[in-house]
Amino acid sequence: MADLEAPQSKTRDLDKLLLRAGNLVGPDFYPGAELRDDIRDYVRVLVVGAGGLGCELLKDLALSGFRNLDVIDMDRIEVTNLNRQLEDVGKPKAEVAAKRVMERVSGVEIVPHFSRIEDKELDFYNDFNIIALGLDSIEARRYINGVACGFLEYDEDDTPRRETIKPMVDGGTEGFKGHARVIVPGVTPCFECTIWLFPPQVKFPLCTLAETPRNAAHCIEYAHLIKWPEVHGGKSFDPDEPEHMKWVYDEAIKRAELFGIPGVTYSLTQGVVKNIIPAIASTNAIISAACALETLKIVSGCSKTLANYLTYNGGEGLHTKVTEFVRDQDCLVCGPGILIELDTSITLQKFIDMLEEHPKLLLSKASVKHGKDSLYMQAPPVLEEMHRPNLSKPLYDLMGRVQKDTVHVFGTALKNEEKQSSLTKLRVVFKGADGVTDMDTAIGA
Amino acid sequence: MVKLDRICREADVKVVFVRSYGLVGLVRVSVQEHTIIDSKPDHFLDDLRLNNPWPELYSFVETIDLNVSDHVAHKHIPYVVILVKMADEWTKSHSGNLPSTREEKKEFKDFVKSKMISMDEDNYKEAIEAAFKVFAPRGISSEIQQICNDTCAEPSSNSSDFWVMVAALKEFVSNEGDGEAPLEGSIPDMTSSTEHYINLQKIYLAKAEADFLVMEKRVKNILKRIGRDPSSISKPTIKSFCKNARKLKVCRYRTVEDEFSNPSVTEIQKCLADEDYSGAMGFYVLLRAVDRFTANYNKFPGQFDGGMDEDISRLKTTALSLLADLGCNGSVLPDDLINEMCRFGASELHVVAAFVGGIASQEVIKLVTKQFVPMLGTYIFNGIDHKSQLLTL
């Protein structure tokens with residue numbers, strides 16, 4: 001089909017969606033060349049994770065009109081990773097991913113960040129229009145979810161304020177299964193709202209490991225969870241340290257021989273200890289494509305978006321399903337924030353102590369931030385010392401003597417008997433404070 | 001599509017059609033017949049035969065006394081032993097029948113529970129949870145029965161290895177199997193002393209091996225009968241067939257020509273009227289309408305910016321006439337979908353292509369490796385609300 005009327009343009013196909021009006025579109029869709037150009041010139045997307053999903057996401061976004069991308073990943077490439085060239089083994093995943101996609105797609109700028117997601121300032125994340133996640137752990141998702149939802153502010157009638165909404169698109173895969181979901185803080189459920197979706201990890205009962213092992217996995221976990229602490233005391237086991245892994249393997253073999261159990265291999269040892277589930281390139285391609293598509297639709301409004309959770313299973317035939325989950329109104333992360341009523345005399349130190357006792361928080365070693373100001377930081381030592389004098393001051397004063405405002409607290413929370421990094425939003429209201437407050441200064445700096 | 005499909009079908013070449021059009025797409029597999037031994041289903045019941053124990057299992061179970069006085073030993077008797085014993089006691093007092101009514105099943109579970117001497121006996125808890133395996137019907141599933149009754153199960157010199165083995169399976173089930181397929185051989189993990197567990201494992205492995213040897217013999221005999229070399233089907237292949245005998249799958253696909261000339265009218269009508277399927281079915285119809293449009297007007301609807309209204313109206317007419325040909329005169333296609341189709345203007349978006357391309361490559365992998373089960377139907381990708389569907393047409 002020769003296109004006789006219009007000259008061939010790189011954006012010929014995208015233009016049909018971005019420049020033409022439609023009926024099944026998003027609520028704020030303004031079709032036109034300006035929209036396409038704005039996406040190209042101004043929109044910034046962060047891809048979290050540069051693994052199987054992250055690399056696909058970068059490529060998909062680069063080929064969908066986005067020009068300003070960042071990618072963050074703390075790992076280096078290993079031999080076992082898919083879709084890599086051997087020469088790249090040992091290099092940071094983020095850097096190689098950025099380089100490869102920039103080579104393939106002219107004009108795209110990708111800034112790689114070889115770092116842990118926790119090591120970035122909140123401001124870093126705030127600079128992006130939308131965050132796309134290609135992660136492999138619940139903890140990492142929870143963290144980013146906490147950050148993105150942390151930007152969310154509510155107005156007087158508990159309606160989310162639009163300009164503070166930081167949307168996320170999250171994808172995950174496991175063998176032939178995968179999911180893609182859209183998270184619009186304050187509107188759709190956030191990651192925390194639907195945390196019950198994730199079944200608890202399978203753990204073998206201790207008595208099986210200790211007394212009646214029956215299969216190879218039992219022998220391996222015995223060596224990993226029981227024998228290692230017995231022999232190595234305080235030294236924690238590092239699954240990425242080959243010597244540690246070899247030690248566990250040797251012990252597992254001994255145990256297996258003792259009980260006459262076959263099947264312990266080095267590769268099984270790695271799989272059991274690291275909980276490895278094999279990755280399939282096509283599943284990653286499918287899920288990332290869905291996520292990238294949603295990113296384009298959310299940013300441009302060129303079509304209705306996924307509402308809000310897509311599951312995919314390609315092992316037995318093909319099954320895809322959309323479920324519309326509902327927000328948890330009392331969500332600690334994307335809700336207006338847990339209400340904490342305080343006396344104006346309470347010191348910052350007392351406030352931090354209270355967080356540890358609070359039944360819904362159980363947050364220890366808390367750092368406190370009010371808007372852009374850090375009131376107290378647990379680490380690094382230099383900053384801790386700098387902020388230490390604040391501890392004895394009343395929180396009311398530190399917060400500028402406003403009657404109520406939002407603070408963010410970051411520390412270690414005890415959730416399901418496990419310690420996790422946690423970033424939570426709190427609504428602080430001061431009792432007995434002067435009700436006549438200048439509303440302009442009430443909302444953080 | 002029709003032409004290519006016909007050529008490939010005649011040459012016995014598997015085809016996977018993929019299409020990316022605006023925000024929608026299509027994936028369609030077309031193969032005369034695809035047989036699978038290694039279907040690897042996600043969830044499949046283990047083959048413990050608690051409802052039909054064989055002599056060796058029975059003898060082993062007899063050597064274990066449930067009423068052992070040592071508490072540790074008592075709670076380390078595997079549930080297989082518990083259930084086989086209790087099922088046996090039950091049948092003896094119920095004219096040789098296993099529990100079948102709701103009340104009987106409850107009674108049986110209570111019966112098992114009554115043998116617990118303390119609350120921390122995980123083996124008994126597992127037995128109660130696994131009691132349903134005792135109530136399960138004996139013998140092979142209706143799906144496997146259907147495969148055994150298939151016309152291809154009559155072996156001839158043209159029969160593929162799969163069908164030769166199915167013929168052997170059919171013989172096995174009617175003779176040595178006594179209604180059952182060869183034993184799979186593996187057992188799930190369960191609370192047990194290491195010794196009991198390993199002994200139990202050995203018994204299941206031994207029976208699986210014995211069943212395999214019978215199957216091997218039958219396969220060789222059938223091969224001889226149809227004039228083939230009796231060793232032409234390898235031991236590992238037969239072994240794998242035996243292990244997966246309960247999970248076999250046969251996939252057959254209509255030709256595209258047949259799909260077009262003999263449409264599944266009720267299915268199409270039903271989907272167009274269903275809230276969750278109307279989008280996908282609508283786009284299926286529109287993708288075909290678009291091809292008709294192109295044949296008539298030598299361009300795709302909405303391909304060029306000018307003349308959009310005219311294209312929309314023409315596409316609508318084309319779609320309605322196609323619906324009439326599909327026997328669905330009364331059915332309606334929402335205007336929104338028709339408008340969207342013209343808006344797409346035959347554009348190809350990378351992300352949509354990547355999605356359907358990923359699906360298609362997955363299907364190719366399944367077809368080539370003969371593992372896992374390919375999609376049985378036409379997949380319509382709906383990138384607007386992601387209410388994509390697998391349509392059986």
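Colleague: Let me start with one side chain: is Arg427(A) buried, partly exposed or exposed?

Modeller: Keep in mind that this is a predicted model. Relative accessibility is what you read here, and Arg427(A) comes out at 28%, so it counts as partly exposed.

Colleague: Which residue does Arg427(A) meet in a salt bridge?

Modeller: The general idea first: side chains of opposite charge can pair when their charged atoms come close. In this structure, Arg427(A) pairs with Asp158(A), at 3.8 Å from N to O. The two sit in distant parts of the chain, 269 residues apart: Arg427(A) is in strand β13 of chain A, while Asp158(A) is in the loop between α6 and β5 of that chain. Asp158(A) is partly exposed too, at 44% relative accessibility.

Colleague: How far apart in helix α2 of chain A are Asp37(A) and Arg40(A)?

Modeller: They're three residues apart, so about one helical turn separates them. Their side chains form a salt bridge, with 3.3 Å from N to O. Arg40(A) is partly exposed, its relative accessible area being 34%. There's a wider picture as well: Asp37(A) and Arg40(A) belong to a salt-bridge network with Asp15(A), Arg36(A) and Asp41(A).

Colleague: How many salt bridges are there between chain B and chain A?

Modeller: Three, while a search of the whole structure gives 59 over all chains. One that crosses between chains is Lys177(A) with Asp42(B), whose closest N and O atoms are 2.9 Å apart. Lys177(A) lies in strand β6 of chain A and Asp42(B) in the loop between β3 and α2 of chain B, so this pair joins two chains. Lys177(A) has a relative accessible area of 35%, which makes it partly exposed, and Asp42(B) is partly exposed at 41%.

Colleague: And the contact as a whole: how many residues does it take from each chain?

Modeller: Chain B gives 57 residues and chain A gives 57 residues. Between them the chains bury about 4500 Å², with 59% of that on carbon and sulfur atoms. Across this interface, 28 residue pairs are in polar contact. On the side of chain B that touches chain A, α10, α16, α17 and β5 of chain B each supply at least two residues. The largest share, eleven residues, comes from α17(B). By type, that side divides into 26 nonpolar, 19 polar and twelve charged residues.

Colleague: Last one: what domains does the assignment give for chain B?

Modeller: Domain 1 covers 2–32 + 254–391, and domain 2 covers 41–252. Their C-alpha centres lie 44 Å apart.

Technical notes:
Residues numbered from 1 in each chain as written. Chains lettered and ligands numbered in written order. Predicted model: local features only at pLDDT ≥ 70, side-chain atom pairs only at ≥ 80, totals over all residues. Heavy atoms only, no water. Contact = heavy atoms within 4.5 Å. Buried area = accessible area lost by both parts, 1.4 Å probe. Salt bridge = Lys/Arg side-chain N within 4 Å of Asp/Glu carboxyl O. Polar contact = N/O pair within 3.5 Å; in protein donor to acceptor, adjacent residues only side chain to side chain. Helix = DSSP H or I, 4+ residues; strand = E, 2+ residues; numbered from the N terminus. Nonpolar A, V, L, I, M, F, W, Y, C, P; charged D, E, K, R; others polar. Domains from an automatic or database assignment. Buried < 20%, exposed > 50% of the residue type's maximum accessible area, 1.4 Å probe, protein only.
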